[in-house]
Amino acid sequence: MANPRSETSTPSPNDKHRHLLDPYWRANQRLIWTLLAIWALVSLGAGILFVRQLNAIQLGGLPLGFFFAQQGSIYVFVLLIFFYAWRMDRLDHKFRLDVDADPTPPPQAH
Amino acid sequence: MTDLSAVQVWTYVLVTVTFMFYLYIGWWARVRESSGFYVAGRGVPAIANGAATAADWMSAASFISMAGLISVMGYDGSIYLMGWTGGYVLLALLLAPYLRKFGKYTVPDFVGDRYYSDTARVVAVIAALFISMTYVAGQMRGVGIVFSRFLEVPINVGVVIGMVIVAFFAVLGGMKGITWTQVAQYGVLILAFLIPSSALALKLTGQPIPQLAFVFSDLTEKLNQIQVDLGFKEYTEPFRDKSLLDVLCITVALMVGTAGLPHVIVRFYTVPNVRAARWSAGWALLFIALLYTTAPALATFARYNLLASLNGKTIEEIEQLEWVASWEKTQLLKYVDKNGDGRIQIAPGDAFLRTDGDLNLAQPNPATANEVYFSADIIVLSTPEVARLPAWVIALVAAGGLAAALSTASGLLLVISSSIAHDIYYRLIRPTASEGQRVMVGRICVVLAVIVAGYFGINPMGFVAQVVAFAFGLAAASFFPIIILGIFDSRTNRTGAIWGMIVGLSFVVIYITGTQAHKIFGTDQPWFGNWFFGISAEGIGAVGMVLNVVVTLVVSRLTAAPPRAIREMVESIRHPDHPAPALILDEESE
């Protein structure tokens with residue numbers, strides 16, 4: 001089983017869209033790296049690297065850096081994932097890759 | 001005493017009712033075929049999978065110990081908050097959709113197929129087994145402790161009860177039964193965490209939502225002031241005991257380790273399609289965030305309350321606090337008037353002497369002015385009593401702690417059994433095994449895994465914390481890089497991946513064993529200190545991950561490119577509509 005014969009699967013029902021596949025992957029990657037930059041900025045940046053500087057600012061009863069480390073970064077994480085799921089739905093739709101909307105879905109086991 | 005017995009009656013009632021409920025679900029969702037057993041027939045809706053993932057992820061440690069740890073560590077406790085949530089962003093963006101697209105049942109399946117190598121598969125199986133066993137041993141101990149505390153049975157009896165229940169769910173229902181049971185367990189554990197936290201927030205600040213009370217009250221400022229008055233550093237002061245670099249590395253290692261944990265990854269195989277895998281990661285983190293944003297608020301409130309209600313009070317005043325009396329009996333809280341002034345003082349340092357590293361509550365420590373010892377665990381456990389909530393809430397916390405421990409244990413046991421039954425038995429030993437044989441071997445493996453986990457629950461290893469650091473470090477330095485590169489870099493080949501894993505894993509293993517030798521092997525001294533820029537054992541996985549990535553990329557480019565079939569497989573993984581290569585292979589082979 002070490003050598004999957006994946007050539008059996010690649011002639012896709014989408015060959016006519018093949019030229020569109022690369023832009024899809026590039027757009028996906030752009031989105032991923034943008035969101036990961038925000039991810040790193042709020043947690044590793046605001047929560048750790050710049051926590052001392054941000055702590056000079058108060059947010060309500062908490063120093064701002066401390067807030068990012070214990071609350072803010074987690075809220076941002078949740079938003080990032082939902083945003084990604086939403087954007088990818090739209091991207092899939094644009095490139096007609098969304099399985100749900102496909103009248104003849106590709107063969108799936110089970 | 002009527003109060004205590006009311007708590008006990010409620011505990012028995014709530015624990016019995018919730019368990020009957022779980023059992024009913026386990027029975028309702030029982031399975032016969034192997035895809036139901038390993039991946040719940042791929043029919044779990046995104047929200048339900050999110051709730052199940054959250055229950056799977058949040059263990060007894062998250063539920064009982066994490067708020068307490070943060071309470072002691074202050075800002076430095078943020079490593080757990082950011083580390084154990086941030087990994088889900090990596091999962092959602094970099095792993096889950098593609099692994100779901102790939103199909104199959106386990107992480108070693110992906111590693112073995114993508115790198116066209118049984119060696120890589122075996123390394124992955126061993127790493128998966130080690131990581132999961134480490135975790136599950138701690139969970140069984142957690143089950144035992146919760147049972148013993150709330151039902152007043154010995155810890156070992158609690159472990160055995162837990163073993164029987166977990167085995168029942170996992171053997172009968174497989175992944176499908178476990179998934180739906182975990183959804184129910186999430187409901188119980190989150191209510192059990194939020195109700196007392198909210199009551200304590202209301203009592204101390206007049207605002208019932210803990211997250212709002214945390215930001216919009218002056219409690220944290222007051223706590224900072226008390227800490228300074230008593231000789232501690234401010235609660236919000238960063239890098240009290242850990243350097244900036246160490247905090248950074250530990251956070252990254254926990255994030256990356258989380259994203260590489262097999263029992264978390266496998267959850268994303270259970271949803272119907274790629275789209276559901278993306279959304280379900282969001283639901284999972286939302287459900288996790290409910291607890292993870294409440295925990296730091298609770299940590300602050302409970303520490304403030306503890307310091308304010310004990311420090312400087314007379315013995316008589318303290319004796320009148322019911323929760324103090326009740327927790328003193330369990331040895332989780334202990335005070336002694338060392339200087340004989342009739343009042344209790346809290347100060348830095350251990351209140352009691354240590355023998356062989358463990359506190360000896362019979363011997364006050366004359367070297368410090370501190371007169372109170374409290375276990376971090378009472379931060380969560382004592383909250384309902386401190387907030388004067390009715391008996392049924394205290395019982396609900398017991399049911400919640402059990403739900404947290406059992407849901408994590410059952411998810412882990414399933415990964416262990418699928419590693420053995422699927423990755424070893426079916427893939428390597430008997431590829432001709434029938435559906436029925438594979439499910440049967442899976443069930444037998446669950447029973448064996450429960451017995452091994454129970455053994456470690458009854459005879460806990462003395463270095464559990466180090467072993468957990470190991471699990472995260474290994475996941476970070478092995479699975480995460482080779483899965484990501486397997487998807488995002490089609491040029492990564494077998495030689496690169498194997499060398500990457502070997503270098504990453506050996507570095508982490510040597511560093512952790514060397515710096516922790518005195519705890520693991522009982523040597524007098526660690527073999528070496530934290531020589532790599534002062535990074536501790538918990539954070540070294542981040543460095544191991546970087547090493548793995550660099551070695552994999554370089555070696556892959558110096559050796560032959562992967563076969564064309566593999567590059568096409570990678571291409572197909574990246575696009576949600578192509579048929580999944582692994583599924584087609586499975587269809588053909590069955």
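**View 1. Arginines over rings in chain B.** The charged end of Arg438(B) sits over the ring of Tyr426(B), 3.8 Å from the ring's centre. Keep in mind as you look around that this is a predicted model. Elsewhere, Arg303(B) lies over the face of Phe232(B), and here the distance to the ring centre is 5.3 Å.

**View 2. Two rings in helix α13 of chain B.** Pick out Trp283(B) and Phe287(B): they form a stacked aromatic pair, 6.3 Å centre to centre with 25° between the planes. Both sit in α13 (residues 274-310), four residues apart, which is about one turn of the helix. Is Phe287(B) buried or exposed? Phe287(B) counts as buried, at 16% relative accessibility, while Trp283(B) is partly exposed at 24%.

**View 3. A tilted pair in helix α22 of chain B.** Phe507(B) and Tyr511(B) make a tilted aromatic pair, with centres 5.9 Å apart and planes at 35°. Here too we have four residues, about one turn, between partners that both lie in α22 (residues 494-515). Tyr511(B) is buried, with just 1% relative accessible area, and Phe507(B) counts as buried at 16%. Zoom out a little and you'll find them in one aromatic cluster along with Phe528(B), Trp531(B), Phe532(B) and Phe533(B).

**View 4. Helix α4 of chain B and its bend.** This helix covers residues 60-73 and reaches 19 Å from its first C-alpha to its last, close to the expected 20 Å. Where does α4(B) bend? Look at Met66(B), where the bend is about 40°. The helix is mostly covered, with 10 of its 14 residues buried, among them Phe63(B), Met66(B) and Ile70(B). Right after α4(B) comes Gly74(B), with a positive phi near 65°.

Notes
Residues numbered from 1 in each chain as written. Chains lettered and ligands numbered in written order. Predicted model: local features only at pLDDT ≥ 70, side-chain atom pairs only at ≥ 80, totals over all residues. Heavy atoms only, no water. Expected span 1.5 Å × (residues − 1). Bend = angle between axes of the 7 residues up to and from the residue. Buried < 20%, exposed > 50% of the residue type's maximum accessible area, 1.4 Å probe, protein only. Phe/Tyr/Trp six-rings, centres within 6.5 Å; stacked < 30°, edge-to-face > 60°. Lys NZ or Arg CZ within 6 Å of the ring centre and 35° of its normal.
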